[in-house]
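Here's a quick tour of a two-chain model. Have the viewer open while you read.

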Amino acid sequence: MIEFKSVKKVYKVGVTSTVALDNVSFSIDQKEFVSFVGHSGAGKSTILKLIYAEEKPTSGEVMFNGEDITHIKPKGLPLHRRRIGTVFQDFKLLQKKTVYENVAFALEVSGYPNKEIQKSVPQILEIVGLSNKADNYPHEISGGEKQRVAIARALVHRPALIIADEPTGNLDPISAWGIIQLLIKINKLGTTVILATHDKEVVNNIKRRVVTLDQGRIIRDHSKGRYAI
Amino acid sequence: MIFLTISRTLKAGFKNFYRNGSLTVAAVSILTLALLIISVILVLSISANLGLKYVQDKIDIRVYFKSNVQEQKIMAFRAEVQRYKEVKSAEYISKNKALDDFKTANASKPDILKAIEAVEENPLLASVNIKATNPEQYDIIAKSIENSNYREDIASINYQQYRLVIDRFNTTIKTIRKTGVFLFVLFSLIAILITFNVIRMTIFNHGTEIEIMRLVGASNNFIRLPFVFEGVIYGVFAAVVSIILLFPIVKIVTPYVVGSAYVQIIQSDFTRYFILIFLAQLLVGVLLGIISSLLAIRRYLKV
């Protein structure tokens with residue numbers, strides 16, 4: 001599904017340049033659950049950004065479903081993004097919208113008809129276990145619940161891939177584990193999940209493929225990996 | 001799909017408009033000011049043109065003949081004048097016709113009528129009324145008549161009195177055009193700058209929203225349109241406000257431009273120009289709004 005071919009990414013700020021990824025190659029199959037682990041600055045987020053085409057590689061190729069997205073045109077970007085759901089550490093919820101509206105927003109802006117929105121949103125809220133909070137605003141619910149809303153929003157247009165960048169970073173261990181279980185459930189329903197985290201507990205409990213990064217290089221790639229740096 | 005996009009983004013544009021509060025007021029007022037300036041310029045040049053046209057229609061050269069000159073001779077003069085290429089028409093007005101015209105013109109003034117009847121002989125002179133194809137040619141026509149063979153028979157040539165009026169209208173129109181264009185450009189730039197900043201503030205306030213929209217795959221148009229609509233709404237509002245303000249302004253300003261004598265005539269002609277002016281305002285207002293919002297959003301849509 002995803003393939004990185006000798007990808008290098010260098011960030012340039014003024015005269016200083018930082019190598020975020022150095023000659024990284026790997027591939028991810030459909031329905032896999034992959035965790036990228038490593039210290040801050042190891043290159044986890046950069047890999048995710050390259051997948052949802054927020055950044056372009058300095059050299060090398062990024063393939064998505066056999067399609068080269070290295071030089072994706074601005075016009076093709078929205079369609080690419082609709083194949084991917086994204087979840088972040090800071091939830092990125094709209095404070096002035098209710099839980100229901102936050103999830104519906106993702107469909108509205110992608111041009112889904114109202115009927116479909118009214119059908120899909122309650123279903124997704126059911127899956128993430130928030131049916132009873134549909135009319136609450138983000139400030140009225142807990143951190144774990146906020147992240148569930150974000151996951152619901154990422155899922156609602158039924159993407160083939162969910163990208164989660166430190167989704168448990170702001171959560172207590174119990175809520176964090178709830179979120180991870182939700183991601184595992186989503187994965188079992190057939191969606192590919194890519195997780196970036198530095199949470200040792202979380203990674204060791206998932207017992208799935210783990211790719212370990214250090215200073216922009218892959219130093220380990222185990223199919224039933226553990227967090228070990 | 002297109003309908004959905006438009007209805008959703010239009011709704012978002014309206015929301016931005018009424019939630020922005022003082023920013024909305026700032027944007028609408030500066031756009032209104034810019035529109036008022038073009039409208040006033042338009043009004044001024046339309047009224048100056050109307051005034052000029054009115055005066056030009058009235059202008060003619062009246063050549064009065066001494067009372068002893070035979071009608072035949074006057075007709076010969078008329079025929080000769082009509083051959084000048086500068087002359088549009090030349091009308092003969094006999095003594096009797098002149099008297100009749102005089103009587104009708106003064107029908108409401110019995111004193112004058114009595115006085116003219118008291119004189120046994122018709123005191124008015126026969127004349128030829130000459131109209132030029134181009135008002136600037138009256139000078140030439142008058143000069144050639146003065147130098148013609150008929151100069152001995154002519155009592156007076158009457159045309160000087162209009163020249164001042166014509167000159168005044170011509171200079172007014174020129175000044176209006178010059179200062180008008182300058183002021184219009186200046187205020188358009190200011191309006192674009194301020195509206196641009198207002199919309200940029202809105203966009204800034206919607207930073208997270210735009211980020212999420214991009215992440216969930218909203219098309220660029222979907223992100224851009226609410227702000228474009230916001231600009232359009234500013235433009236429409238400004239056009240409505242400025243057309244309302246324009247009525248009293250026209251009433252106050254026109255007398256100074258065209259002279260109070262012509263105000264009545266011009267203002268009666270004016271109503272039909274208002275629709276035209278409103279449409280112009282609407283067009284310019286909406287264009288300024290769209291340009292400003294497109295400039296403001298451009299930066300946020302780069303990949």
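## Chain A at a glance

Of the 229 residues in chain A, 43% count as buried, meaning that 20 or more other C-beta atoms lie within 10 Å of a residue's own (12 or fewer makes it exposed, anything in between partly exposed, with C-beta atoms placed from the backbone). Chain A has seven helices and 10 strands; these are DSSP runs, H or I over at least four residues for helices and E over at least two for strands, numbered from the N terminus. Take the contacts in chain A between residues at least 6 apart in sequence: 67% of them join residues at least 24 apart. A contact here is two C-beta atoms, placed from the backbone, within 7 Å.

A word on conventions: this is a predicted model, where local features need pLDDT of at least 70 and side-chain atom pairs count only at pLDDT 80 or more, while totals for chains, interfaces and linings use all residues. Residues are numbered from 1 along each chain as its sequence is written, and chains are lettered from A and ligands numbered from 1 in the order in which they are written.

## Helix α1 of chain B

On to α1(B), residues 2-19. Its 18 residues should span 26 Å at 1.5 Å a residue (times one less than the number of residues), and the end C-alpha atoms agree, sitting 25 Å apart.

Which residues of α1(B) are buried? They are B:Thr9, B:Ala12, B:Gly13, B:Asn16 and B:Phe17. Looking down the helix axis, these fall within an arc of 145° (taken from the directions from axis to C-beta atoms), so they line one face. The face turned away from that buried side carries exposed residues B:Phe3, B:Ser7, B:Lys15, B:Tyr18 and B:Arg19. After α1(B) comes B:Gly21, with a positive phi near 55°.

## Cores

The largest nonpolar core has 114 residues; such a core is a set of buried Ala, Val, Leu, Ile, Met, Phe, Trp, Tyr and Cys residues joined through C-beta atoms within 7 Å. B:Leu31 is among those with the most contacts inside it. Apart from this core lies another, of 15 residues, including B:Phe65 and B:Ile130.

## Where the chains meet

The contact takes 17 residues from chain B and 16 from chain A. On the chain B side, α8(B) gives the largest share, six residues.
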